[in-house]
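Good morning, and thank you for the time on today's agenda. I should like to introduce a structure that may be new to many of you.

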Amino acid sequence: MPSSVANEGYQFQRANSRNQQSSSCPSRSASGSPAAVTPPSCDDVVDEALAELQLQSQQQKQMIHSAKGRSGWQIKSSKLAFNTHNRIRNIVESLKIKPNPEKPMIPLSIGDPTTFGNLKAADETMKAVLHSLESGKFNGYAHTQGHEASRQAVAQYSAHQRPEGAIETSDVVLCSGCSSALEYCILALADRGQNVLIPRPGFCLYHTLAEGLDIEVRYYDLLPDQQWRADLVQLESLIDENTAALLINNPSNPCGSVFDEKHLRQLIDICERHYLPIIADEIYEHFVFPGSKHLAVSSLTREVPVLSCGGLTKRFLVPGWRMGWIIVHDRKQRLGNAVIGLKNMCGRILGSNTIIQGALPEILAKTPQSYFDGVIQVLYSNASLAYKMLKQVRGLNPVMPNGAMYMMIGVSIERFPAFKDDTHFVQELVNEQSVFCLPGSCFEYPGYVRIVLTVPLAMIEEACVRIAEFCERHYKKEDSSRSFIEHGLLDEEELGF
């Protein structure tokens, strides 16, 4: 209660008490002697009135607190923040790791291609940023979708995604990395209570982006014995009236698979039958090994709308620059107001890094093909070496990748009784051999481990030797047959080098 109101109430009560006092004070007879009955004293009446006033004030305060529902500090996390989890971080932080001090650590878990220093951005890429900075033209805000010249450069760079016609500048949205692009697409298409279909095994960020908003994630299976193609029957069984989109990651993290045209058309056919848009995570579209070819999903359909997510991150080896983009492919105008929603999302952070935007036209036009070819050769050589070495190790079943920068390796955990699961296997591999892989559980696919292929060749070779030693030590032998760890394992002629 405001103090002025309280004071007024107090004064009113006080005046009332005085009036009562004048009328209720002991009367005297004409002779001046007091009456026979002695009433309460004036002070008692005033005290009672004050006590009642204090009681009313306390009750009113309690009512105010009760109405507001607060009786003290009760700060809580928002539901979105509290329900946002990074599965890789949660699993890795639960491991009880103490690397072997006698062996230097080899982290085959890190998806940052710049970590080891053997893969660096091209000189042309670096100079483009310097020119952007020195020009002084890109220190202010840009259009929330990005500078027009930068978006035009992306449209020209990505022309292969729409071979029958030009990509318009208005079809391009610049984002803060490909992760931001994926978030915008999921939030633009899916609402609370709806579901999105994502691959298993798959990049755990898809789940992270959806779960906090009560968007259900439904996993469609990839089949390791079929070069990680999708299980089409199982995928289609997941679709219902609340399915908002199909997410295709091609080439794949963590599998390194590259879908051929036939399989992509099968996926497109499912989407066309069920009126589903496609979110295409194509950040690795140019990371394809000899013998394979990447086809953009959007290049194969005019009927199904596609939101293609890409960026500088991996191909140009600058993940920290946070430059990604979305290209909207909607020839039949079927996305409706979802395109408006997608562009509205850009206003949440007022656009991406403008210095890198200013450098985009030069980066995309002047970085030579020879640079990209050199990076692919490093990844392919590492993949070939790791595959040839690890396929000889009992209890392991590596799947040779066709692109990206990862390899999945099956672990027959029943042959390693000392370990409960793939997570335990990884933990003890670190503790004994100081080699750190990611368990398949990080990608919703237990029984496998993932290694990165971006490390120097000598390091990948040493890592495979240690993995082989670890497996040989813990493998449950059925007989006393020869060891699979032999001098010939690393023979250059046998490995084809």
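I shall begin with the protein as a whole and then turn to its pockets.

Please bear in mind that this is a predicted model. The protein contains 16 helices and 14 strands. Of its 497 residues, 48% are buried. The accessible surface amounts to about 24,700 Å², and carbon and sulfur atoms account for 51% of that area. As for contacts with a separation of 6 or more, 74% are made by residues 24 or more positions apart.

Let us now consider the largest pocket. It holds about 710 Å³ of space. Its lining consists of 26 residues, and those nearest the centre are Gly111, Phe203, Asn253, Lys314 and Tyr406. Two or more lining residues come from helix H4, residues 87-94, and likewise from helix H7, residues 177-189. By class, this lining comprises 14 nonpolar, 6 polar and 6 charged residues.

I turn next to the second largest pocket, with about 260 Å³ of space. Which residues lie nearest its centre? They are Tyr275, Leu276, Pro277, Pro305 and Arg334, out of 16 lining residues. Helix H7 appears here too, for H7, strand S6 (243-249) and helix H10 (261-274) each supply at least two residues of this lining. The classes here are 11 nonpolar, 2 polar and 3 charged residues.

To close, I would draw your attention to helix H7, which gives two or more residues to the lining of the largest pocket and at least two to that of the second largest pocket. Thank you.

Technical notes:
Residues are numbered from 1 along each chain as its sequence is written. This is a predicted model: local features need pLDDT of at least 70, side-chain atom pairs count only at pLDDT 80 or more; totals for chains, interfaces and linings use all residues. Side-chain values use heavy atoms; hydrogens and water are left out. On a 1 Å grid over the protein atoms alone, a cavity is a set of points where a 1.4 Å probe fits but cannot get out, and a pocket is an open set with protein on both sides within 12 Å along at least five of seven lines; lining residues have an atom within 4 Å of a point. Grid points are joined across faces, edges and corners, and a volume is the space filled by probe spheres set on the points. Helices (H or I, at least four residues) and strands (E, at least two) are DSSP runs, numbered from the N terminus. Ala, Val, Leu, Ile, Met, Phe, Trp, Tyr, Cys and Pro count as nonpolar, Asp, Glu, Lys and Arg as charged, and the others, Gly among them, as polar. Buried means under 20% relative accessible area, exposed over 50%, partly exposed in between (1.4 Å probe, protein chains only). Contact means heavy atoms within 4.5 Å. Accessible areas come from the Shrake-Rupley method with a 1.4 Å probe; for residues, only the protein chains shown count as cover.
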